Amino acid sequence: MKKFRESFAAQLSVFVALLASLIFFVNFATNFYYSRQAIKDEAEKLAMCELDNTVLRLNNILNTVENSANNMYPFITRHLADADSMYAYARMIVENNPVLTGCSLAFEPEHFKNKGHYYSIYAGREEDGSITIEQEGSKTYDYHYLDWYQIPKLLNSPYWTDPYNDVYEDPETGKLQIEQIFSYSMPIHDKQGNFVGVMALDIDQQWLSKIINNMKPYPNSHTIALGRGGIYLVHPDSSIIGRETIFTETLEGDFPEIRTVGELMTSAKRGMYAVSGENVTGGEDSYVFYTPLNRVGWSIAIVCPEGDIFGGYNRLKMWLIVMMAVGIFLMMVVCILVIRKRVHPLERLARSANVIARGNFDKEVPVIRGDDEIALLSRAFRDMQHSLVDYIEELKTTTANKERIEGELRIAHDIQMGMIPKIFPPYPDRKDIDIFATLTPAKEVGGDLYDFLILGEKFYFVIGDVSGKGIPASLLMAVCRNLFRTVAAQGLTPQQIVRSINDTMGESNESGMFITLFVGVIDLATGHLSFCNAGHNPPVIIPSDGKPAFMDLVPNIPAGLFDGFDFEAQEYPSVDGVTLFLYTDGLTEAENKSQELFGDNHLIDILTGKHHLQAKDLVELASNSVVAHANGAEQSDDLTIMVIRININKKI
């Protein structure tokens with residue numbers, strides 16, 4: 001198996017063989033299915049044709065018998081007063097119908113007063129063809145209660161009986177003889193319409209069996225015939241004819257298929273039914289083709305073994321399967337030899353590639369002649385080998401440059417972080433100011449900033465967000481931070497500070513970058529807050545009752561877009577005991593993996609009731625909430641948070 005897994009030729013050969021096998025299988029299966037169906041249809045057509053011919057022949061003979069009875073009936077009714085004339089009529093009926101084995105003219109008790117209680121004239125055909133006549137009625141043969149007499153009398157119409165055993169005494173030997181016959185019984189009426197007797201024309205059961213058994217569409221097929229109620233009229237086992245019905249077996253065991261066949265045949269249906277081998281003579285799966293003989297209420301069937309119908313088909317199928325298996329085997333052998341020869345250059349090329357992959361770039365790649373795909377691959381691989389050497393040299397240079405840039409970015413990060421206050425508390429000697437801030441850039445360096453300083457009793461602070469990210473934003477952040485410190489040191493108002501930063505940036509802002517700013521000054525003696533907003537997110541004010549709300553801000557433009565803009569200042573009477581929560585949009589616009597924003601409402605929710613927390617605790621609370629919301633999603637923007645609380649009454 002290891003060798004097989006490592007051999008492309010073997011795998012490809014097996015794949016081709018399996019694909020061919022699948023195609024052959026689907027093709028053969030389809031052909032076999034439709035061929036079998038066609039053979040089955042042809043068998044049904046053949047069997048039903050045999051049945052129809054046999055039914056036609058039987059109907060012709062039965063029709064002849066009925067016509068004979070109908071033709072003789074007027075003569076018999078004309079001489080109902082002459083008992084002896086019945087001998088002549090009985091003989092005449094048998095002589096004129098070679099198919100008949102006998103004829104009975106039986107009459108009601110005392111119909112002929114001088115003949116007594118029993119009077120039934122019987123004309124029978126002997127084996128030598130002669131006809132004997134006798135009066136068969138007697139106490140030992142009371143015909144009045146037999147089916148062939150009783151049924152037409154009760155129905156008052158002609159009736160074909162099922163085969164029955166006719167028991168009579170041999171006049172020569174005196175022994176009882178049994179003859180299986182079936183009869184066409186016709187009631188006899190006098191001129192007043194009164195029933196006076198029965199004319200019964202007998203046919204030998206063996207004659208019926210001979211005609212039906214002549215149906216043999218296949219060598220091992222056999223026939224059956226059922227009478228009313230399913231009694232066997234014809235069957236390979238002659239011992240059950242006239243004695244058992246097709247349902248007898250179902251009473252002795254579980255044979256649902258036999259019961260179904262019996263129900264179909266006794267209900268005068270026509271068609272085909274498949275039965276398993278355990279239910280038929282011979283023990284082989286078979287098809288039963290059946291049709292009714294409506295004239296007499298019987299049904300005849302041909303039982304054809306499946307082996308006879310599909311014998312040639314099965315032999316052909318086995319031969320084709322063997323041929324297919326041999327063909328697939330030979331094809332696989334040829335494929336292996338041909339493919340192995342074709343892929344041998346690939347093996348050489350693979351060995352060379354393996355050596356080159358271990359770092360030996362001077363390994364010679366085998367030269368493969370020709371214009372096929374393998375030759376093209378060999379030439380491409382040689383070109384790749386030369387390009388690889390050049391690429392590795394370029395990669396070394398690129399890697400060195402990348403490491404240098406990364407080192408410089410780390411230094412830039414450290415420099416940027418060193419420009420903002422990072423020691424808290426920044427004024428440990430003052431208890432009236434509680435401040436804490438944090439800045440988390442999305443990349444090595446970012447464009448957010450925060451800063452603060454105290455000049456006398458004035459507390460100056462700023463928070464800003466430069467458009468863009470990375471090094472350009474960090475440079476503009478550094479410029480703005482220095483401008484803030486420089487201008488604030490002059491004791492200017494927030495409005496003047498923002499205007500100065502805007503004008504300075506606008507004079508030489510060829511890149512079109514800008515910065516949102518929120519600059520404020522708190523009088524530490526009175527708590528008065530004056531501020532100027534330049535397009536920044538509104539801070540959240542958390543009063544002592546713990547109900548946070550966003551500040552109402554004038555919609556000034558961000559700084560740096562163009563110089564000379566007249567920024568409008570605002571003020572807040574006193575922020576004593578009030579917490580100011582300042583932030584950049586990296587907080588409210590933070591996304592999770594489903595691209596859902598952190599949002600303003602979420603910010604208000606986490607700050608509600610948190611007025612008692614220290615500035616550091618509020619910053620950590622907000623930072624942790626953003627991390628939980630992102631749930632592993634990558635940070636897409638710089639994030640800055642600064643919290644300020646002024647408590648004038650606290651001692652210094």
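**Exercises on helices and strands**

Right after helix H4 comes Asn156, with a positive phi near 60 degrees. Keep in mind that this is a predicted model.

**Exercise 1. Work out which residues of H4 are buried and which are exposed on the face turned away from them.**

Step 1: Find H4, which spans residues 147-155. Its buried residues are Trp148, Tyr149 and Pro152.

Step 2: Look down the axis. Those three cover an arc of only 100 degrees, which puts them on the same side of H4. Here's the rule to lean on: an α-helix has 3.6 residues a turn, so residues three or four places apart point the same way.

Step 3: Turn to the face pointing away from the buried side of H4. There you'll find Asp147 and Leu154, both exposed.

**Exercise 2. Do a similar job on H7: which residues are buried, and what follows the helix?**

Step 1: H7 runs over residues 256-266, and its buried residues are Ile258, Val261, Gly262 and Met265.

Step 2: Viewed down the axis of H7, the buried residues sit within an arc of 100 degrees, so they line one face of the helix.

Step 3: Move on past the end of H7 to Ala268, where phi is positive, near 60 degrees.

**Exercise 3. Decide whether Lys45 is buried or exposed.**

Step 1: Place the residue first: Lys45 belongs to helix H2 (residues 8-78).

Step 2: Check its relative accessibility, which is 59%. The cut-off for exposed is over 50%, so Lys45 counts as exposed.

Step 3: Now pick out Phe289. In sequence, 244 residues separate Lys45 from Phe289, yet their C-alpha atoms are 9.7 Å apart.

**Exercise 4. Describe the surroundings of strand S7 and how it pairs with S1.**

Step 1: S7 covers residues 195-204, and ten of its ten residues are buried, so the rest of the structure largely encloses it.

Step 2: S1 (residues 100-107) pairs with S7 in the antiparallel sense, over seven bridges. To see one of them, go to Ala106, whose partner in S7 is Val198.

**Exercise 5. Trace the five-stranded open sheet and say which strands stand at the edges.**

Step 1: Read off the order, S13-S22-S21-S18-S19, with antiparallel pairing.

Step 2: S13 (433-440) and S19 (549-550) are the edge strands; each has a single partner strand, so one side of each lacks a neighbour in the sheet.

Step 3: Zoom in on S21 (residues 579-583) and S22 (residues 639-646), joined by five bridges. Leu580 has Ile644 in S22 as its bridge partner.

Step 4: Add helix H14 (residues 615-630). H14 lies across S13, S18, S21 and S22, at about 155 degrees to S22.

Terms used:
Residues are numbered from 1 along each chain as its sequence is written. This is a predicted model: local features need pLDDT of at least 70, side-chain atom pairs count only at pLDDT 80 or more; totals for chains, interfaces and linings use all residues. Side-chain values use heavy atoms; hydrogens and water are left out. Two strands pair if DSSP finds at least two bridges between them. Helices (H or I, at least four residues) and strands (E, at least two) are DSSP runs, numbered from the N terminus. Contact means heavy atoms within 4.5 Å. Axes are lines fitted to C-alpha atoms, for helices over the stretch in contact, and angles run from 0 to 180 degrees between N-to-C directions. Buried means under 20% relative accessible area, exposed over 50%, partly exposed in between (1.4 Å probe, protein chains only). The arc is that of the directions from the helix axis to the C-beta atoms.
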